[in-house]
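Here are a few short exercises to work through with the model open in your viewer. Try each task before you read its solution.

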Amino acid sequence: MMALPYITEHTGFTGTVYATEPTVQIGRLLMEELVNFIERVPKAQSASLWKNKDIQRLLPSPLKDAVEVSTWRRCYTMQEVNSALSKIQLVGYSQKIELFGVVQVTPLSSGYALGSSNWIIQSHYEKVSYVSGSSLLTTHPQPMDQASLKNSDVLVLTGLTQIPTANPDGMVGEFCSNLALTIRNGGNVLVPCYPSGVIYDLLECLYQYIDSAGLSSVPFYFISPVANSSLEFSQIFAEWLCHNKQSKVYLPEPPFPHAELIQTNKLKHYPSIHGDFSNDFRQPCVVFTGHPSLRFGDVVHFMELWGKSSLNTVIFTEPDFSYLEALAPYQPLAMKCIYCPIDTRLNFIQVSKLLKEVQPLHVVCPEQYTQPPPAQSHRMDLMIDCQPPPMSYRRAEVLALPFKRRYEKIEIMPELADSLVPMEIKPGISLATVSAVLHTKDNKHVLQPPPRPAQPASGKKRKRMSDDVPDCKVLKPLLSGSIPVEQFVQSLEKHGFSDIKVEDTAKGHIVLLQEAETLIQIEEDSTHIICDNDEMLRVRLRDLVLKFLQKF
Amino acid sequence: MPEIRVTPLGAGQDVGRSCILVSIAGKNVMLDCGMHMGFNDDRRFPDFSYITQNGRLTDFLDCVIISHFHLDHCGALPYFSEMVGYDGPIYMTHPTQAICPILLEDYRKIAVDKKGEANFFTSQMIKDCMKKVVAVHLHQTVQVDDELEIKAYYAGHVLGAAMFQIKVGSESVVYTGDYNMTPDRHLGAAWIDKCRPNLLITESTYATTIRDSKRCRERDFLKKVHETVERGGKVLIPVFALGRAQELCILLETFWERMNLKVPIYFSTGLTEKANHYYKLFITWTNQKIRKTFVQRNMFEFKHIKAFDRAFADNPGPMVVFATPGMLHAGQSLQIFRKWAGNEKNMVIMPGYCVQGTVGHKILSGQRKLEMEGRQVLEVKMQVEYMSFSAHADAKGIMQLVGQAEPESVLLVHGEAKKMGFLRQKIEQELRVSCYMPANGETVTLPTSPSIPVGISLGLLKREMAQGLLPEAKKPRLLHGTLIMKDSNFRLVSSEQALKELGLAEHQLRFTCRVHLQDTRKEQEMALRVYSHLKSTLKDHCVQHLPDGSVTVESILIQAAAHSEDPGAKVLLVSWTYQDEELGSFLTALLKKGLPQTP
């Protein structure tokens, strides 16, 4: 979502974007915060010549190692964000969205964040599931919808956990105990974080924890330009929450306990460190603020303020950035650094459980999931293992999905259906020949009964010979079956043919009607009538032959 | 013949106890399960024994759908599910699921505790009943079973009100519940896509009314309230806890703020206060403006409006009080009304519809001497005002919705028979859609003709589409194929494919006709003449002269040969398959006439 403005505003994209309401609202907050942080430190100049490969090669690390620098872009503006968001059409879980009458798109709950979705793209006969950023853990959002992913031809799997070895529950416990320890020793705790998502769960854990840990007098500060909005928005998406939280709303009570933390003044939120915050600021305290990369945002001030004291602790919970790299420019640091990444997305054990449950015919995933992570190459369990083996893709690679479309839906009008004459070919299988007019509108196909043949305009003089040329578009049915010679001869005799001679050939028989100078070659799967130009005779013979054959 | 059957058990040519049975493609759905405000006997609930004489409701009904939390749409639900007995799913939106049990409990309390009724549903029954509820999101397609699906649309009216589409295969019915086509101060307008249902079941409370603009009504309302408090009078506004109360509160709140008024506004405690909380938490269901500004200022956190205490009613000086219930038939609003009725400086404003038999209905119809319990006569000197703030669609709105959904037919419920008749005429004349208005217990049967979905092989479809796109497609093209029916799996494939799939060999039927012509020329020359003749005659066909000396017209082969007996004659062998029969027989007839003399 965070890159949406680049697509909608800079690529000439004119299509519709579909997203759930919480995704749009919270996505807006995240982008708003980002833009706000970036705009606080305007750059008077910008350099781009260094992006030249020859120059970049000579630069010191890490600039030297940066990849795809030519694709780096400036951060978008709020105006672009608003414009991008205005192109989004809101959808709800399990809503079936028809696209051009050809495919149906449906978002499903993915269980990872408020309104986060997996998507099903299906036609009447094919089904592709896109699973991204899903969680099977019970946190605040609605649980993941697994049942609807069943019977997929292809399942595209991405957005797995970035820290497959860390257990989120354990990390939360560690987070709380480290926080308590620091406070007890008189230090401050800094939590670099995004303004939405895991922070809701952290606040909820702290809510339960602070009294037992004797932290009830310690102030918690949440500093972000969108702190207030984020906390408020989290309370109004009752329908997108897990069952527990939903029932709270029914009481009616706010679903998240941070409402109570705010009411009792334990949690305070500020748009930035300037203004009210500087008056209220008390130490020791706990500060939640962004950006988790430690490169911009209010977190920078706290790093500089608290970095020199070993009493203080910074606790990393967001898995998006390597904490060592994030800290690099602040070294040497006296403050304690704790790394408890909390990533509730699917790990490889959960993936294999999910795949067993859902049983897609094929799995498609990014290349890195098909081999163990480079740092832990012996961990064969840290990769996707399924049968048939997953198809992998790389950046900018086009992958042909392994299925062939064979059928499409068509509707037969009831009048036409009434006129069909099914005939049973094999037990349980019936056939009916259909001749109908095909109408196609908005990619929907309907078969209508053929129009009644128009009365031939009699009395009119025929103008040209070519008018009489029969319309060969009236197709004759295909024939099937074979002709038993003896019965055929009997039937010929019954219809007044005499002087019939039958000769056996290698492949069948030849029936000679000597009087009429006619020859009928009968083989297993073909019949050839050779006669003089006598239309009457030919038609009579034809009808006799057809009696023995099935038409399709 | 497939058909859709609709039977109102309540709300048929009536307002109250909404309950409509719909049978569609073998599925039975019950829409709403309401009570009637005007009755206190058996008639207050729909007659569920109609549904099935013997046998359980659960076996007969596939699901129950509740459109919104008003008691005339859900009041009979615990009675129906717990006392009559129904264990299937009950669908409603999240806000409805949240608020419904509270209103039911409130209703139960008034009936049992105040009126002392026995044999009424209990609190536990309400809880058990609510356990059977499945909450739905807006626009979510809920698969009730493999065939039956339902989908909710936003209806305005009250918080969480929804219209429902019920769909089986290609047949569908839309039930509007109560809806509002104009956004108000706190809710948005109803909206539905062009879903072209076979039947649209719509409410018709205001079938004959076309309301003036909302702004005028609001201004009028504010003016009356303002004037009354200016001259020291008290204003009583009887409301139902949820809905109008919030709209009017927002209206007064903004007015008070703008005019900097200090006169107190009160809100009867309990339910209404709680109600505001629901509005805060379900703010996504309110209108755009409120949703946009809620972070800065939640419209449902009122500054000027305070909780009411019973004792305040005797306070001197002006005040405005919102009190429940809305029809002045019981409770706090009636108490306050009795206290204030004697003073002509005071005013009561009725903002909604009042059912016959209630005090609200009596004073609105001009009665000024009311007989109360204990033979007391209450003389009403206070001013009585009626202002329609009901969030129902008016005639214009109903027509608009019918236009939006484009149904094949319309069925009216939830309205008075006379007014319905008028609207029916209007719908039939202006929109040319057939329209029904059954009374309770009367069944409307609509034949439907669902088309049959089958799978068509892509090869066949593409072949046909490619040809169908030719410019000469004026004449409808015929598509030929074979329908393979195996169990319930229907597939339409080309005849060739059908033969192949069933392991049947094609039997080729060929004809060869000898055409005798008197001609002494050589065979090759003969063939060339045939070619040029046919080429000039058959302009629309592909005529070719092959290197081996034969001529083809499409797939028909013509060869010239010498006559075995007569050297002056030649034989043309014309050969074709059964599939090209017409063209073949036409060609032989044509050639029999001889070739034109070369000029």
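## Backbone exceptions and the parallel sheet

L294(A) sits in the loop that links β11 and α11 (299-306) of chain A. Please keep in mind that this is a predicted model.

**Exercise 1.** Find the sign of phi at L294(A), and decide whether this residue is buried or exposed.

*Solution.* Start with the backbone: phi of L294(A) is positive, about 60°, although the residue is not a glycine. As background, most residues other than glycine have a negative phi. Next, take the accessibility: the cut-off for buried is under 20% relative accessible area. L294(A) has 1% relative accessibility, so it counts as buried.

**Exercise 2.** Do likewise for Q359(A): what is its phi, and is it buried or exposed?

*Solution.* First locate Q359(A) in the loop between α13 (348-358) and β14 (362-366) of chain A. Its phi is positive as well, about 50°, and it is not a glycine. Then apply the cut-off for exposed, over 50%. The relative accessible area of Q359(A) is 57%, so this residue is exposed.

**Exercise 3.** Work out which loops hold P284(A) and P332(A), and give omega for the peptide bond leading into each.

*Solution.* Begin with P284(A), which is in the loop between α10 (276-280) and β11 (286-289) of chain A. The bond from Q283(A) to P284(A) is cis, with omega near -5°. Move on to P332(A), placed in the loop between α12 (323-327) and β13 (336-339) of chain A. Q331(A) and P332(A) are joined by a cis peptide bond, and omega is about 0°.

**Exercise 4.** Trace the open sheet of 6 strands in chain A: what is the strand order, and which strands are at the edges?

*Solution.* Reading across, the order is β10-β9-β11-β8-β12-β13, with parallel pairing. The edges are β10 (267-270) and β13, each of which pairs on one side only. On average, neighbouring strands are turned by 20° against each other, direction ignored. Now look at one pair: β12 (residues 313-316) and β13(A) run parallel over 4 bridges, and T313(A) has K336(A) as its bridge partner in β13(A). Finally, add the helix: α11(A) lies across β8 (189-192), β9 (220-223), β11 and β12 of chain A, at about 150° to β8(A).

**Exercise 5.** Where in chain A does pLDDT stay under 50?

*Solution.* Take the chain as a whole: chain A averages a pLDDT of 86, and 95% of the residues score at least 70. Then look for the exception: residues 455-473 stay under 50. Where pLDDT is low, the predicted coordinates should not be read in detail.

Definitions and conventions
Residues numbered from 1 in each chain as written. Chains lettered and ligands numbered in written order. Predicted model: local features only at pLDDT ≥ 70, side-chain atom pairs only at ≥ 80, totals over all residues. Heavy atoms only, no water. pLDDT = per-residue confidence, 0-100. Contact = heavy atoms within 4.5 Å. Helix = DSSP H or I, 4+ residues; strand = E, 2+ residues; numbered from the N terminus. Buried < 20%, exposed > 50% of the residue type's maximum accessible area, 1.4 Å probe, protein only. Pairing = 2+ DSSP bridges. Axes fitted to C-alpha atoms, helices over the stretch in contact; angles between N-to-C directions.
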